[in-house]
Amino acid sequence: MISVAVLGAAGRMGTHVVNAVSGAEGLEVVAALDHGDDIAEAARAGATVAVDFTVPDVTEANVHALIDAGIHAVVGTTGWTQEALLRVDEHLRERPELGVLIAPNFALGAVLSMRFAAAAARYFESVEVIELHHPDKVDAPSGTALHTARAIAAARAEAGVAPSPDATTHDPDGARGAVIDGVHVHAVRLRGLVAHEEILLGNPGEQLSIRTDSFDRISFMPGVLLGVREVARHPGLTVGLDGYMSL
Ligand SMILES: NC(=O)C1=CN([C@@H]2O[C@H](COP(=O)(O)OP(=O)(O)OC[C@H]3O[C@@H](n4cnc5c(N)ncnc54)[C@H](OP(=O)(O)O)[C@@H]3O)[C@@H](O)[C@H]2O)C=CC1
Ligand SMILES: O=C(O)C1=N[C@H](C(=O)O)C[C@H](O)C1
């Protein structure tokens with residue numbers, strides 16, 4: 001039996017995680033913690049794995065506290081910079097038996113979309129990313145869009161592809177969106193949406209669109225459960241659920 005603590009347990013994702021872990025064979029929730037609770041309660045309750053779906057401002061501190069407590073961490077919260085990831089990687093060297101999974105998106109469709117986009121990126125002149133989310137989301141662009149854009153940029157750099165053509169010289173209102181490693185990223189916030197992303201790739205006379213839609217947060221649960229089951233078998237830091245999948 002894997003004993004699991006859920007951080008952010010009262011949130012939109014946390015409530016789904018508590019239900020999914022409670023209903024999963026071989027897993028049990030031993031601590032459901034939210035804003036104001038003492039994270040030390042996770043260790044006191046005997047958790048060996050913690051799942052973090054909190055807020056970008058606190059997730060890094062939570063992960064360091066979990067490492068200090070000897071608890072494996074499965075993290076879905078966004079807001080991770082390269083510097084913050086390096087700090088976790090460094091901290092984990094003191095506890096080489098521990099695993100930390102930080103996954104910008106646990107939905108299978110999103111994980112595959114990011115892989116497909118990185119594979120396609122070198123074959124197209126132009127590429128842009130549009131992410132679309134519910135309006136209660138606090139961060140933009142989404143963690144998924146950041147990860148997607150970085151992977152696209154890395155693939156294009158490796159293949160020596162020129163920047164996407166763009167004649168824009170006048171954009172006083174930022175209509176061309178954020179630019180992440182040279183890739184334009186556009187964020188839509190709309191009531192009724194959950195989590196969606198479209199990657200547009202263009203060549204003369206053709207376009208490839210890669211789209212993923214999470215219509216319900218239940219879509220993230222198989223990935224979260226996979227992370228909980230696998231994290232102890234993957235010591236060190238893994239960024240992206242694809243690191244636990246044979247793709
Ligand atoms: N990787 C993935 O697949 C997915 C990632 N996400 C990401 O997960 C995160 C959470 O999303 P969502 O559930 O929608 O957000 P919510 O705001 O609904 O939930 C966050 C919860 O964390 C609580 N919280 C705040 N600070 C702490 C703390 N220090 N310790 C414990 N709990 C705390 C909040 O309490 P309070 O409101 O009182 O502050 C709230 O209950 C976001 O970063 C989002 O982008 C979301 C969906 C999928
Ligand atoms: O806040 C959300 O809802 C989501 N956040 C993650 C992100 O920022 O990419 C994952 C998913 O898109 C849902």
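## Domains

The C-alpha centres of domain 1 and domain 2 are 27 Å apart in this predicted model. Domain 1 is made of two segments, 2–102 and 218–244, and domain 2 spans 108–215, according to the domain assignment of the protein chain.

Eleven residues of domain 1 and nine residues of domain 2 take part in the contact. On the side of domain 1 that touches domain 2, five residues are nonpolar, five are polar and one is charged.

## Overall fold

The protein chain contains seven helices and eleven strands. Its radius of gyration is 19 Å, close to the 18 Å given by the globule rule for 247 residues, so the chain is as compact as a globular protein of that length. Along the principal axes, the C-alpha atoms fill a box of roughly 60 × 40 × 35 Å.

Of the 247 residues in the protein chain, 38% are buried. Among contacts with a separation of 6 or more, 72% are between residues 24 or more positions apart.

## Helix H1

Helix H1 covers residues 12–22. Its buried residues are Met13, Gly14, Val17, Ala20 and Val21. Seen down the axis of H1, these buried residues fall within an arc of 130 degrees, so they line one face of the helix.

The cover over the buried residues of H1 includes three strands, S1 (2–7), S2 (27–33) and S3 (49–52), together with helix H7 (221–230).

## Surroundings of ligand 1

The shell around ligand 1 holds 24 residues, of which Gly8, Gly11, Met13, His35 and Gly76 come nearest. Helix H1 (12–22) and helix H3 (56–68) are the elements that give two or more residues to this shell. H1 gives the most, with three residues. Met13 is thus named twice: it is among the residues that come nearest to ligand 1, and it is one of the buried residues of H1.

By class, the shell around ligand 1 has twelve nonpolar, ten polar and two charged residues.

## Surroundings of ligand 2

Ligand 2 is surrounded by Thr78, Pro104, Asn105, His133, Lys137, Ser142, Gly143, Thr144 and Ala195. Two residues of this shell are nonpolar, six are polar and one is charged.

Thr78, one of the residues around ligand 2, falls in the 2–102 segment of domain 1. His133, Lys137 and Ala195 are also among the residues around ligand 2, and their positions fall within domain 2 (108–215).

Technical notes:
Residues are numbered from 1 along each chain as its sequence is written. Chains are lettered from A and ligands numbered from 1 in the order in which they are written. This is a predicted model: local features need pLDDT of at least 70, side-chain atom pairs count only at pLDDT 80 or more; totals for chains, interfaces and linings use all residues. A residue is near a molecule or strand if its C-beta atom, placed from the backbone, lies within 6 Å of it. Helices (H or I, at least four residues) and strands (E, at least two) are DSSP runs, numbered from the N terminus. Ala, Val, Leu, Ile, Met, Phe, Trp, Tyr, Cys and Pro count as nonpolar, Asp, Glu, Lys and Arg as charged, and the others, Gly among them, as polar. Domain bounds come from an automatic or database domain assignment. Two residues are in contact if their C-beta atoms, placed from the backbone, lie within 7 Å. The radius of gyration is taken over C-alpha atoms; the globule rule is 2.2 Å times the number of residues to the power 0.38. A residue is buried if 20 or more other C-beta atoms lie within 10 Å of its own, exposed if 12 or fewer, and partly exposed in between; C-beta atoms are placed from the backbone. The arc is that of the directions from the helix axis to the C-beta atoms.
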